[in-house]
Amino acid sequence: MTIWNIIILAAMIQGFFLALFLIANKIGNRIANGFLAVLVLFYSLDLGLETLYASPQVFEYPHLIGLIDALFFLYGPLLYFYALFLTSPQKISAKQTFLHFLPFVVLLMAYFPLLFLQSVDYKLISEGVQPIAENEARFFLKNDVRGYVEMLGGFHQLLYLAFTLLLLNKHAANIKDAFSDIDRINLAWLRNLTLATGLILLIDIFLFFFVKSELLAFGNAVLFISVLLAFLIYAIGYIGLRQPIIFSQTAVETLTETTETQEKRGKYYKSTLTDEQAQENLAQLLELMKTEQLYLEGELKLSDVAENLGISNNNLSQIINEKLGKNFYDFVNEYRVEAAKQLLVNPKKQHLTLLAIAFESGFNSKSSFNNIFKKQCSVTPSEFKKTNYSAS
């Protein structure tokens with residue numbers, strides 16, 4: 001047994017245990033974790049099936065061939081619904097959910113006769129000795145037909161990966177309209193894992209053509225993809241396991257109110273806010289931020305500011321978007337950056353570390369402080385301090 005086989009075996013075992021733990025875990029988003037558990041479980045199963053398929057032992061288990069191909073139509077919807085239930089406070093009906101998994105079910109039904117196929121039958125069929133009845137599902141055992149099914153499954157996954165990325169991009173934009181700190185809820189890790197899944201899938205499709213043209217041994221191609229899939233299981237399992245509930249109940253209400261109209265004809269098409277009211281509320285908002293310094297609260301939300309002003313979340317979002325041309329996230333963090341700049345050049349604050357300055361300015365982490373500061377000022381906080389404090 002090679003080191004790669006050991007890695008694959010370890011990933012399989014880990015995947016099964018991670019799936020069980022995710023199902024049993026009562027912390028976090030349980031519905032989303034359920035989809036993640038099923039995804040990790042079938043990824044782990046796929047590792048074993050693909051390894052079996054690349055070995056001579058496959059002739060002893062021909063009834064598993066249909067399951068291997070059907071799984072291609074399962075991964076995309078599972079990842080999509082995991083992302084959907086993580087990001088959406090809305091309920092999705094069981095009927096809508098089932099429709100996304102219909103291709104998987106249909107293919108399983110098409111492969112159903114393979115369950116009764118004996119090992120000798122598969123040998124004879126694969127060697128072209130035994131004829132194949134075109135009216136039976138066993139014609140899928142033909143290499144060219146199975147190849148088309150696998151390719152179709154690959155493109156099916158790519159389509160759902162694209163849907164997942166669109167969903168995550170939409171989520172990233174929505175949360176900036178409702179929260180001033182998004183590090184724990186932006187799901188950047190899931191976007192990166194989705195991109196990694198897409199890359200592995202494209203490599204798989206690419207290697208398929210090399211195998212088809214006999215430029216690459218089938219077993220080597222399967223081993224390579226299996227190792228990549230093994231590392232993906234490690235990443236998805238552990239990072240997903242650490243993912244907390246990204247929205248509290250109040251946060252769900254904030255996000256729902258500020259984004260519900262975006263699903264229709266426009267962001268604020270139902271708004272009754274007049275221009276005069278908007279200007280008045282804007283002046284109150286700017287005065288409130290100046291006097292109360294709400295931006296120093298690291299977990300500040302749109303709903304907190306709206307409550308202080310006595311207006312709705314949607315009206316406040318409209319004022320910031322339309323009158324200032326920015327989202328709530330950028331609006332608040334501009335104040336934080338200005339506060340940090342004052343601290344960085346203050347002679348009485350030179351004993352403070354950059355992390356302490358970040359916390360005093362309302363940031364929750366040094367990484368977000370550095371990233372936002374550099375985005376707004378084109379230099380890092382340390383570079384700004386070195387230039388401006390020495391100049392003063």
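This is a short chat about two helices and the cavities in a predicted model.

User: Start with α14. Mostly covered or mostly open?
Analyst: Mostly covered. Helix α14 spans residues 313–323, and 9 of its 11 residues are buried.

User: Which ones are buried?
Analyst: N313, N314, N315, L316, S317, Q318, I319, I320 and N321.

User: What does G325 do just after α14?
Analyst: G325 takes a positive phi there, about 70 degrees.

User: On to α15. How many residues, and what span?
Analyst: Helix α15 has 17 residues, 328–344. From first C-alpha to last, α15 reaches 24 Å. That is close to the 24 Å expected at 1.5 Å a residue.

User: What caps its N-terminal end?
Analyst: N327 caps α15. A side-chain oxygen of N327 lies 3.3 Å from the backbone nitrogen of Y329.

User: And how many residues of α15 are buried?
Analyst: 12 of its 17, so α15 is mostly covered. The buried set is F328, Y329, F331, V332, N333, R336, V337, A339, A340, K341, L343 and L344.

User: Y329, N333, R336: why might residues with that kind of spacing point the same way?
Analyst: An α-helix has 3.6 residues a turn, so residues three or four places apart point the same way. Y329, N333 and R336 also line the largest cavity.

User: Cavities, then. How many of 30 Å³ or more?
Analyst: The count is 2. The largest cavity holds about 40 Å³ of space, and the second largest about 30 Å³.

User: What lines the largest one?
Analyst: S180, D181, I182, D183, Y329, N333, R336, F363, N364, S368 and I372.

User: Which helix gives the most to that lining?
Analyst: α15, with 3 residues. Both α15 and α17 (366–377) supply at least two.

User: What's the makeup by class?
Analyst: The largest cavity's lining has 4 nonpolar, 4 polar and 3 charged residues.

User: Now the second largest cavity. Which residues line it?
Analyst: L39, Y43, Y75, G76, L79, Q157, L161 and T197.

User: Which helices supply at least two each?
Analyst: α2 (30–53), α4 (75–87) and α8 (143–176). α4 gives the most, with 3 residues.

User: How many charged residues in that lining?
Analyst: None. The second largest cavity's lining has 5 nonpolar and 3 polar residues, and no charged ones. The largest cavity's lining has 3 charged residues.

Conventions:
Residues are numbered from 1 along each chain as its sequence is written. This is a predicted model: local features need pLDDT of at least 70, side-chain atom pairs count only at pLDDT 80 or more; totals for chains, interfaces and linings use all residues. Side-chain values use heavy atoms; hydrogens and water are left out. Buried means under 20% relative accessible area, exposed over 50%, partly exposed in between (1.4 Å probe, protein chains only). Helices (H or I, at least four residues) and strands (E, at least two) are DSSP runs, numbered from the N terminus. The expected span of a helix is 1.5 Å times one less than its number of residues. A polar contact is a pair of N or O atoms within 3.5 Å; within protein, one must be able to donate a hydrogen and the other to accept it, and residues adjacent in sequence count only if both atoms are side-chain atoms. On a 1 Å grid over the protein atoms alone, a cavity is a set of points where a 1.4 Å probe fits but cannot get out, and a pocket is an open set with protein on both sides within 12 Å along at least five of seven lines; lining residues have an atom within 4 Å of a point. Grid points are joined across faces, edges and corners, and a volume is the space filled by probe spheres set on the points. Ala, Val, Leu, Ile, Met, Phe, Trp, Tyr, Cys and Pro count as nonpolar, Asp, Glu, Lys and Arg as charged, and the others, Gly among them, as polar.
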